[in-house]
Amino acid sequence: MQKLILPLSLVVLTPMAALAMPAVGDLIGTDPETAKAALEKVGCMVGEFEAEGGKIEAKCKDTATGKMMEVYLDPATGKVVKISGEE
């Protein structure tokens with residue numbers, strides 16, 4: 001029975017590992033369609049975008065945890081510069 005636990009846990013956890021939230025430095029995109037698609041691909045369902053402090057703020061929900069997140073993008077490069085959210 002113990003020989004089955006590790007292989008089964010790897011099978012169950014592998015899909016979750018593919019859905020990791022974006023990290024600072026990740027290239028997301030500069031236009032809303034591209035940025036939304038990239039964020040939703042990694043499990044961050046975008047509710048809205050808004051300009052804040054010279055950055056683009058994407059308000060989204062982490063589908064793995066249900067927590068609300070704010071992902072800040074550099075409008076010139078499309079890279080993630082900051083991530084904040086519920087603790």
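Strand 1 and strand 2 pair in the antiparallel sense over eight bridges, where two strands count as paired if DSSP finds at least two bridges between them. The model is predicted: local features need pLDDT of at least 70 and side-chain atom pairs count only at pLDDT 80 or more, while totals for chains, interfaces and linings use all residues. Residues are numbered from 1 along each chain as its sequence is written, and side-chain values use heavy atoms, with hydrogens and water left out. The protein chain has two helices and four strands, in the order α-α-β-β-β-β along the sequence. Helices (H or I, at least four residues) and strands (E, at least two) are DSSP runs numbered from the N terminus.

**Chain-level values**

- Of the 87 residues in the protein chain, 21% are buried; buried means under 20% relative accessible area, exposed over 50%, and partly exposed in between (1.4 Å probe, protein chains only).
- Among the contacts in the protein chain with a separation of 6 or more, 27% come from residues 24 or more positions apart; a contact means heavy atoms within 4.5 Å.

**Strand pairing and hairpins**

- In the pairing of strand 1 with strand 2, V46 stands opposite C60, and M45 stands opposite K61.
- These two strands form a hairpin with two residues between them, and G53 in the turn has a positive phi of about 55 degrees.
- Strand 2 also runs antiparallel to strand 3, to which six bridges join it.
- Within that second pairing, A58 of strand 2 stands opposite V71 of strand 3.
- The hairpin of strand 2 and strand 3 has five residues between the strands, and G66 there takes a positive phi near 80 degrees.
- In a regular strand the side chains alternate between the two faces of the sheet.

**Nonpolar core**

- The largest nonpolar core has 11 residues: I28, A35, L39, C44, V46, A58, C60, M69, V71, L73 and V80.
- At least two residues of this core come from each of helix 2 (32–41), strand 1 (44–52), strand 2 (55–62) and strand 3 (68–73).
- Strand 3 gives the most to this core, with three residues.
- A nonpolar core is defined as a set of buried Ala, Val, Leu, Ile, Met, Phe, Trp, Tyr and Cys residues joined through side-chain atoms within 4.5 Å.
- Beyond residues up to four places away in sequence, the core residue C60 touches C44, M45, V46, G47, K67, M68, M69 and V71.

**Buried acidic residues of strand 2**

- D62 lies in strand 2 and is buried yet has no salt bridge; K67, the nearest side chain of opposite charge, is 7.5 Å away.
- For charge, Lys and Arg count as positive and Asp and Glu as negative, whereas His and the chain ends are not counted.
- The D62 side chain reaches the backbone nitrogen of A64 at 3.0 Å, and a polar contact of 3.3 Å joins the side chains of D62 and T65.
- A polar contact is a pair of N or O atoms within 3.5 Å; within protein, one must be able to donate a hydrogen and the other to accept it, and residues adjacent in sequence count only if both atoms are side-chain atoms.
- Apart from neighbours within four places in sequence, D62 is in contact with M21, G43, K67 and M69.
- E57, likewise found in strand 2, is buried and has no salt bridge, with K59 as the nearest side chain of opposite charge at 4.5 Å.
- The side chains of E57 and Y72 are joined by a polar contact of 3.4 Å.
- Not counting residues up to four places away in sequence, E57 touches E48, F49, E50, E52, E70, V71 and Y72.

**Salt bridge**

- The count comes to one salt bridge, a salt bridge being a side-chain nitrogen of Lys or Arg within 4 Å of a carboxyl oxygen of Asp or Glu.
- The side chains of E50 and K59 meet in a salt bridge at 3.8 Å, N to O.
- E50 is partly exposed, with a relative accessible area of 29%, and K59 is partly exposed at 25%.
- Side chains of opposite charge can pair when their charged atoms come close.

**Loop between strand 3 and strand 4**

- P75 is found in the loop between strand 3 and strand 4 (80–85) and is partly exposed, with a relative accessible area of 39%.
- P75 and A51 are 24 residues apart in sequence, and their C-alpha atoms are 9.2 Å apart in space.
- Leaving aside neighbours within four places in sequence, P75 is in contact with T30, G54, K55 and I56.
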